[in-house]
Amino acid sequence: MGDDAAKAGGPEFKIRPGEPTDAAPTFENRSKALREPLRTPMNSYLAGFFESYLNIETAQYVDRLKQTVTGLPNWSERLRKLFDELLTERTATRGEFCDRTFIEFETDEEMYAYLEEVRAYLFLGATEIPLPPD
């Protein structure tokens with residue numbers, strides 16, 4: 001530890017060779033990062049699906065999407081597995097979903113409840129069409 005950091009009572013972080021000085025880590029940033037849970041980025045294939053088929057303009061037509069899913073069993077199976085993985089591991093946030101679809105949820109739990117309804121409708125035989133929040 002450097003003398004100034006020791007006097008201040010905090011750790012000193014050194015810049016690695018070749019690292020730009022504006023990217024130097026601060027204690028506050030590292031401390032915050034350690035408190036936040038690590039998330040795996042949303043699967044890019046599923047993210048693209050959300051952008052195309054569950055965005056604010058197309059989400060109300062999920063009944064038409066079900067016809068497509070039913071008619072393409074290989075695609076349907078892959079998509080179902082991705083939905084299952086996402087809903088089990090909960091790797092996406094409502095912010096990520098909103099960035100891709102422009103549909104806002106109050107909480108991650110509300111988003112996951114909606115995605116559970118979409119999965120049930122598309123793959124598990126549910127008859128009620130899931131609608132995103134207003």
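**Entry 1: α7**

I began at the end of α7, where Gly125, just after the helix, takes a positive phi of about 85°. The model is predicted, and I read every value here with that in mind.

I then went back over the helix itself. α7 has 16 residues, and I find 22 Å from its first C-alpha to its last. The span expected at 1.5 Å a residue is 22 Å, so the helix is close to it.

Which residues of α7 are buried? I noted Met111, Tyr112, Tyr114, Leu115, Val118, Arg119, Tyr121, Leu122 and Phe123. I also checked what these buried residues pack against, and listed α3, α4, α5 and α6 (94-101).

**Entry 2: the chain as a whole**

I counted seven helices and zero strands. Read along the sequence, the pattern is α-α-α-α-α-α-α. Of the 134 residues, 28% count as buried. I looked at contacts between residues at least 6 apart in sequence, and 57% of these join residues at least 24 apart.

**Entry 3: α5**

I turned next to α5, residues 73-89. Its 17 residues should span 24 Å at 1.5 Å a residue, and the end C-alpha atoms are 24 Å apart, so the two agree.

Where do the buried residues of α5 lie around the axis? I first wrote them down: Trp75, Ser76, Leu79, Leu82, Phe83, Leu86 and Leu87. They cover an arc of only 130° around the axis, so they sit on the same side of α5. On the other side I found Pro73, Asn74, Lys81, Thr88 and Glu89 exposed.

The cover over the buried residues of α5 includes α3 (44-53), α4 (62-71) and α7 (108-123). Just after α5, I noted that Arg90 takes a positive phi of about 50°.

**Entry 4: α3 against α5**

Two packed helices are described by the angle between their axes and the distance between the axes, so I looked up both. For α3 and α5 the angle is about 105° and the axes are 10 Å apart. Because angles of 65 to 115 degrees count as roughly perpendicular, I entered α3 as roughly perpendicular to α5.

Which residues make the contact? From α3 I listed Tyr45, Leu46, Phe49, Phe50 and Tyr53. From α5 I listed Trp75, Arg78, Leu79, Leu82, Phe83 and Leu86. I sorted the residues of this contact by type and got 10 nonpolar, no polar and one charged. The charged one is Arg78 of α5.

Technical notes:
Residues are numbered from 1 along each chain as its sequence is written. This is a predicted model: local features need pLDDT of at least 70, side-chain atom pairs count only at pLDDT 80 or more; totals for chains, interfaces and linings use all residues. Side-chain values use heavy atoms; hydrogens and water are left out. Helices (H or I, at least four residues) and strands (E, at least two) are DSSP runs, numbered from the N terminus. Buried means under 20% relative accessible area, exposed over 50%, partly exposed in between (1.4 Å probe, protein chains only). The arc is that of the directions from the helix axis to the C-beta atoms. Contact means heavy atoms within 4.5 Å. Axes are lines fitted to C-alpha atoms, for helices over the stretch in contact, and angles run from 0 to 180 degrees between N-to-C directions. Angles under 35 degrees count as roughly parallel, over 145 as roughly antiparallel, 65 to 115 as roughly perpendicular and the rest as oblique.
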